[in-house]
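Colleague: I've got a model open here and I keep tripping over the vocabulary. Can we go through a few of the labels and see what earns them?

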Amino acid sequence: MLAYLTYMAERLEECYRLLKPTGSIYLHCDTTASHYLKLLMDAIFAHQNFRSEIVWKRSQGFKRKTARKFPQKNDILLFYAKSVDRIRFSTQYLPHKPEYVKRFKKDADGRLYRDDVNPTRGGRRTIYLDDTKGDIVDSVWVDVNPVNPNAKERLGYPTQKPVALLDRIIRASSKPGDLVLDPFCGCGTTIAASAAAGRRWIGIDVDSHAIEIMLQRLGDRTIPTYGIPADYRSAARMAVSDPFGFETWAIQRAPGFAPNIRQVGDGGIDGRATLSIKPDDWPTRLAIAQVKGGKRPPVDGLRAFCGVTRRRRAAVGCYITLDPISSPQARADAYLGNIHVSGVPYDRMNLWSIADYFDRRRPNLPPMNNPYTGKPLMQGSLF
């Protein structure tokens with residue numbers, strides 16, 4: 001916990017520095033760390049700038065019995081202002097509840113109204129339903145449903161939030177044209193909600209896969225990105241300066257593959273995938289990959305990976321290198337025969353390079369599943 005709070009303190013201090021005087025910050029956490037983070041936020045943003053502790057009921061499903069405690073169904077959002085005197089905030093409303101609407105009746109013009117008798121407000125007055133904005137959103141949010149596992153919105157990201165949650169925050173604390181920053185943007189829900197609401201945005205994430213998901217989600221690959229290879233030369237530099245980062249990035253270039261969480265002692269397997277259709281003549285749908293980032297791909301490493309592919313009974317292997325393997329002997333040694341999927345032959349061992357990737361040459365792989373949703377990939381898509 002101390003390491004986590006130290007990590008967060010450095011980043012929250014930068015958020016405070018970047019935030020405009022009219023700006024707000026929402027810190028989403030669970031009950032494990034919310035009380036520690038509240039103290040940290042008080043120290044950085046000042047306790048008088050604390051605005052609300054929002055309770056979001058993140059699970060609407062069946063309640064399961066838990067041992068010696070109440071079932072945990074909520075997350076916490078800590079809402080702070082940069083300056084309580086200058087904060088930009090717009091009250092949010094929900095549609096009136098049906099039982100409230102039933103208290104109204106129609107006048108001669110068909111408008112819904114009711115008479116309000118309140119002596120402290122000067123006696124009797126008429127209230128028209130269409131003149132009211134709705135029920136004020138308070139600090140307990142039970143109307144925002146989590147992302148359904150089978151919903152179209154689901155991208156397979158483990159901590160994905162619903163768009164409705166971020167949309168409420170963005171509309172409450174910004175105006176069209178304002179700039180929204182999410183420094184832990186994951187699969188880009190904040191970015192998607194900001195774009196839909198007419199806000200400018202910046203997203204940051206440590207995982208290059210998150211960038212790919214966001215670009216696909218927004219449907220615009222011309223959006224400027226920084227920190228991931230944009231051409232062969234920058235990929236070659238990354239292979240030298242950040243070998244593990246290059247390995248993860250390279251695995252994600254091959255359609256359907258997800259990198260291993262373990263990067264040391266992985267048994268020669270850097271990534272895994274699943275064929276969307278079982279081969280006609282092979283017992284498994286497993287696909288495995290290995291990445292080599294050197295300028296001269298090691299032939300011995302290729303032979304070793306062929307052995308791993310045989311031992312694991314993988315239907316397909318993909319050996320990913322920085323530069324193409326040009327040696328005819330090496331390519332001959334890598335031949336493991338074919339498998340057939342729906343009658344179409346595919347090489348069991350694919351030799352593919354990052355140079356091929358930037359030349360828009362895809363590996364000749366069978367139809368694959370999305371590694372994060374389990375659904376078949378559309379042909380031509382990376383994820």
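Colleague: Why is Asn369 called buried?
Modeller: Keep in mind that this is a predicted model. Asn369 has a relative accessibility of 10%, and buried means under 20%, so the label fits.

Colleague: Where does Asn369 lie, and which residues does Asn369 touch?
Modeller: You'll find Asn369 in the segment after helix 11 (354-358). Leaving out residues up to four places away in sequence, Asn369 touches Gly256, Thr274, Leu275, Ser276, Arg285, Gly374, Lys375, Pro376 and Leu377. For a contact, heavy atoms have to be within 4.5 Å.

Colleague: Okay, on to the sheet with the order 12-13-14-15-18. What makes strand 12 (258-259) and strand 18 (349-353) edge strands?
Modeller: Each of them has a single partner strand, so one side of each has no neighbour in the sheet. The sheet is open, has 5 strands and shows mixed pairing.

Colleague: How do you know that strand 12 and strand 13 (residues 271-274) pair?
Modeller: Count the bridges: pairing takes at least two, and these strands have 2, in the antiparallel sense. That meets the cut-off, so they count as a pair. Look for Pro259, which stands opposite Gly271 in strand 13.

Colleague: Which helices lie across these strands?
Modeller: Helix 8 (residues 243-251) lies across strands 12, 13, 14 (286-292) and 15 (316-321), at about 140° to strand 14. Helix 9 (residues 299-311) lies across strands 14, 15 and 18, running at about 160° to strand 15.

Colleague: What makes strand 1 (residues 24-29) "mostly covered"?
Modeller: Of its 6 residues, 5 are buried. Strand 1 also runs antiparallel to strand 3 (residues 74-81), with 6 bridges joining the two. One to find on screen is Ile25, whose bridge partner in strand 3 is Tyr80.

Colleague: Last one: how do helix 1 (residues 2-18) and helix 2 (residues 34-45) pack?
Modeller: Packed helices are described by the angle and the distance between their axes. Here the angle is about 35° and the axes are 10 Å apart. Helix 1 passes helix 2 in a right-handed crossing. Helix 1 brings Tyr4, Leu5, Met8, Ala9, Leu12, Glu13 and Tyr16 to the contact, while helix 2 brings Tyr36, Leu37, Leu40, Met41, Ile44 and Phe45.

Colleague: How many residues of each class does that contact have?
Modeller: There are 12 nonpolar residues, 1 charged and no polar ones. Glu counts as charged, so Glu13 of helix 1 is the charged one.

Key
Residues are numbered from 1 along each chain as its sequence is written. This is a predicted model: local features need pLDDT of at least 70, side-chain atom pairs count only at pLDDT 80 or more; totals for chains, interfaces and linings use all residues. Side-chain values use heavy atoms; hydrogens and water are left out. Axes are lines fitted to C-alpha atoms, for helices over the stretch in contact, and angles run from 0 to 180 degrees between N-to-C directions. Helices (H or I, at least four residues) and strands (E, at least two) are DSSP runs, numbered from the N terminus. A crossing is left-handed if the near helix is turned anticlockwise from the far one by less than a right angle, and right-handed if clockwise. Buried means under 20% relative accessible area, exposed over 50%, partly exposed in between (1.4 Å probe, protein chains only).
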